[in-house]
Every structure is written in C-alpha cells, then in structure tokens.
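Here's a friendly tour for anyone meeting this structure for the first time. Have a look at it, then read on.

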Amino acid sequence: MDRRQFLKGGVHLGLLPWIGAAQASSDPTRVLTAQPGVAQLADGAESVTRIWGYDGRVPGPTLRVRQNEWVHARLVNRLTTETSVHWHGVRIDNAMDGVAGLTQDAVAPDESFDYRFRLPDAGTFWYHAHSRSWEQVARGLYGLLIVDEAEPVAVDRDLTFVIDDWRLDDEAQIHEASFGSLHDWAHGGRLGQWVTINGRPFERFEVRRGQRLRLRVVNTANARVFTLDFADLAPRVIALDGQPVAPQRLEGHLQIAPAQRVDLLIDVTQDAGAVLPVAAVTRSDMLPVAQFEVAREETGAVVFEPFVGLAANPLATGLELDAAERAVLVMEGGAMGGMASAMLDGQQLSLRELAQRGAVWAFNGSVGMTDEPLVSTRRGRTVVIDVHNRNRWPHAMHLHGHHFRVVTRDGVAQAATTPWRDTELLQAGESVGLAFVADNPGKWLLHCHMLEHQAAGMKTWFEVT
Ligand code: C2O
Ligand code: CU
C-alpha cells in the first residue's frame, strides 16, 4: 500500500522535532508530565488516537543537553496509575535509573519525582516509562534524549527518525483488550500493524543537494525488530546505541532491534527535485514510511569534506578478560521452547502453572527477579556474561548503567573492534559473551527489551559495589 495517497496537505514540515526542549540545560528544572493526550498515528483515520505521553505528546519532548551537563527533569504523574522514567543508555547515577522496585519507588498518581544526573556521553539516547513498561511504552510514554558533543559535529541538519509500531483497533484506538495477552508474551511480543516515524504515519524530510545530514534512528517499539531500506541515500553508520563507531557504509538493510539507536550520516548528492524513499521491509512487502525530498532550487557544485567520525566517549574500555568476573545466563521458555518448569517466587512450577501466571520465560531456571544478583562485583572489575539464547525466539538484551562489547559469538572470539552497545539482538539459538567494565556502582537490571518478554520473566540484576 502506498500510504502517500492518504496524506492530506503538506503538514509534515516540522523538521526540528526538538524545538521547545532546548531549555533543558539552562532551565533548572524541565517538567515532564506523564499524561493522556492524542496523536494522529494512523493515516486516513477519522479519529485521532488517545495515547499516554510525556506532556501528552508522542514522542515526548526531545531533551537536548550538551555532554557533561546536568539534566534536571521533574516527572509529574498525571496518569491514574504509577510510573517512573528510565534514561536508556545513559551511564547514570544508579539512584536516577528509574527502575521502579529496584532503584526507586514508583511514582504514584499526582506525585512527582526529580531526576538529576550528568551526561558523561554524547550521542543518541532515549527515555521511557519503566513501570509496567509493556503497557506504558506501548501507549506512548517515551521521548528522545540527545546529548550534543562537546565539540559541535559538522553536519548541516540533525534529524530524528523515531520508529514505532502500534496495535490499533478499528477506531484507531490503542488495542487495550490485548494488553497482557499470553499469546504475545509467549511469542514475539506485542506487534502493531501501524508504523509511525516521529509519531506520524509518514515522515517527509525536506533537504537540499549538498547537505550533510545526521539521522538519529531510534526503535521505540515494544517488540518489533525493524529492517529498513534506505535505497539510494547511501548512509554511513557513525554511532550505535550512542557510542561512536568508525564510519562505515551501510551494506544492505539496516536492522534495528527494540531500544537500539543507530546514527547515520547521509550526504545529499542527488539532483534537485529527487525523492528518496525509506521503507520498512517485511517478509512480503516494502512499506514506505518516510521520504527525503531534495529541494527544487539548484545549488552550485557540491563538495563534501571527508568525515573522520565522532569523538569517542569516555567509556572504560580496558577489558581484562583473563581476570574477569564471569556469569552464565541461559534464556529459556516461550512458545515451542520446551521449558518444563521454572522457579517463581521461591516455588518450582510446571509450565502450565507458569502460563496461568503469565510467567513464561526464565533466566537460569528462574522467572523474573531473584533475591541474589546474577553477579556481584567490586567496582572497576571486568565482567563477562555468557548469554545463551536457548529458545525459538530472538531477544534484545539490554544492560543498564554500562555499555558492553560482544567478545565471543557462538564461542568464537570476536575482534577487539566490536562496537560498544547497551542493547544486543540475539537470534534464536545464538550465544554471546558480553563484556564490560563494571565501573558504575549500584544495582542494575539486565533484561530483554522486548517488553512482553521482560514482563513474563526475562529479567535479572547485577550489583557493583
Ligand atoms: Cu530501555 Cu530497562 O530499559
Ligand atoms: Cu525477548
């Protein structure tokens, strides 16, 4: 289906989605109100969709801060249920990590919580609800956190590409009856049938020949791994999950798992008037989701400076693999997974009993949080977690408070240049060794970012003392 035919009028000219958020660092407290709102998510629909969003919008306001500056954000809860905010990918002070039940109490309706933290890393981050996140993120409680490099990066345009999918009913409202569906939880999570870019059914970027663009791609979907086709845009990948990588031409499609970020650099070399589509690739189809339109006015000769890459962030990169603290994490369960039983709240339960409780995934034989951490380590040590995905499903494993490198894949040592990430996609049957320097004290989560899997048991924690 070509959805352009549903577009009415040229209303998608708002190319600077962060306008209004620039006060984050100068204003002592940026208020973020979690509240109901409406959004035009589906094209051609008569009605708007009722969502929950920060300041009632989806995506919420983009917070834009310079590296090493502080964020002061006050979450005000105007929902009828409790909530909290997690700052995904930020190497944050543990007390500010926003994990209800682990790092803070959930914020009750009509109460507030002040988040204050420094941003050690430049790059593309995001924030989202971390209390019943499988429902709250699906309803729209997320936004971007962009941390500008201390030295400005030479690009002409800085654009966001927040991709999400929504499960809507016939009235274009969020499909509420399927929240908590055991089928979703035991399979690939809640998948939607509507795709949005920056909260719109279709996004148009007006650019000019000769411009250099930075495009920040963020997957905020609960569970969908997106495969994106950039056709003739010839992007170079310059950062993953907020951490710079040596610029590299994107070969083929871009695959991006839930919660991951990919920063792309695009040089607009096409002729005036060119239209460059971006599509989401499905098994059977290419769904157009956005396009870049090169302005009609001719520009002169087009010259691009070489791009050397973004400056590295001050991560602790000195992995001491030989002296590392090691843990094994076996991921089991789900549909067709053959898990017979697992521990839940101190009781060994059969699969049938687990399913009745919506508890269908286990780490090392336990569903959900255990009393003991997966690892407890002294600050500064290297930790290697060998993650074995022993079930029929892909999973997007997210580590809080740190970035890791994949040092082994299916038992094979990887080059020392694998990227630093905070979320890694594991295919069914795959094993990875995730290594990081545990330099951030506190109690941190490690979980699947397919939010239904997390809710149904795929989470654990580790401690840095
Ligand atoms: Cu983005 Cu624990 O999550
Ligand atoms: Cu998962």
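## Ground rules

Let's start with exposure: a residue is buried under 20% relative accessible area, exposed over 50%, and partly exposed in between, using a 1.4 Å probe and protein chains only. This is a predicted model, in which local features need pLDDT of at least 70 and side-chain atom pairs count only at pLDDT 80 or more, while totals for chains, interfaces and linings use all residues. Residues are numbered from 1 along each chain as its sequence is written, chains are lettered from A and ligands numbered from 1 in the order in which they are written, and side-chain values use heavy atoms, with hydrogens and water left out.

## Salt bridges between strands

A salt bridge here is a side-chain nitrogen of Lys or Arg within 4 Å of a carboxyl oxygen of Asp or Glu. That rule gives 28 of them. One joins Arg409 to Glu424, with the closest N and O atoms 2.8 Å apart. This pair links distant parts of the chain, since Arg409 sits in strand β27 (residues 405-409) and Glu424 in strand β29 (residues 423-426), 15 residues apart. Strands are DSSP runs of E with at least two residues, numbered from the N terminus. Arg409 has 25% relative accessibility, so it counts as partly exposed, whereas Glu424, at 8%, counts as buried.

Salt bridges with shared partners also tie Arg64, Asp148, Glu149, Asp158, Arg214, Arg216 and Asp263 into one network. Within it, the side chains of Asp158 and Arg64 meet at 2.8 Å, N to O. Asp158 belongs to strand β9 (residues 157-166) and Arg64 to strand β3 (residues 63-66), so their bridge ties together parts that are 94 residues apart in sequence. Both Asp158 and Arg64 are buried.

## Two more buried residues

Glu203 pairs with Arg200 in another salt bridge, 2.8 Å from N to O. Glu203 is buried, with just 1% relative accessible area.

Gln291, in strand β19 (residues 286-294), is buried as well, at 5%. Its side chain makes a polar contact with the side chain of Glu293 at 2.8 Å. (A polar contact is a pair of N or O atoms within 3.5 Å; within protein, one must be able to donate a hydrogen and the other to accept it, and residues adjacent in sequence count only if both atoms are side-chain atoms.)

## The copper site

Which protein atoms are donors to the copper ion (ligand 2)? They are His395 (ND1), Cys448 (SG) and His453 (ND1), 2.0 to 2.1 Å from the ion. Donors are N, O and S atoms within 2.8 Å of the metal (3.2 Å for Na, K and Ca), and sites may look incomplete because water is not among the atoms. Along the chain, the donors follow the spacing H-x52-C-x4-H. Cys448 and His453 are both buried.

Definitions and conventions:
Helix = DSSP H or I, 4+ residues; strand = E, 2+ residues; numbered from the N terminus.
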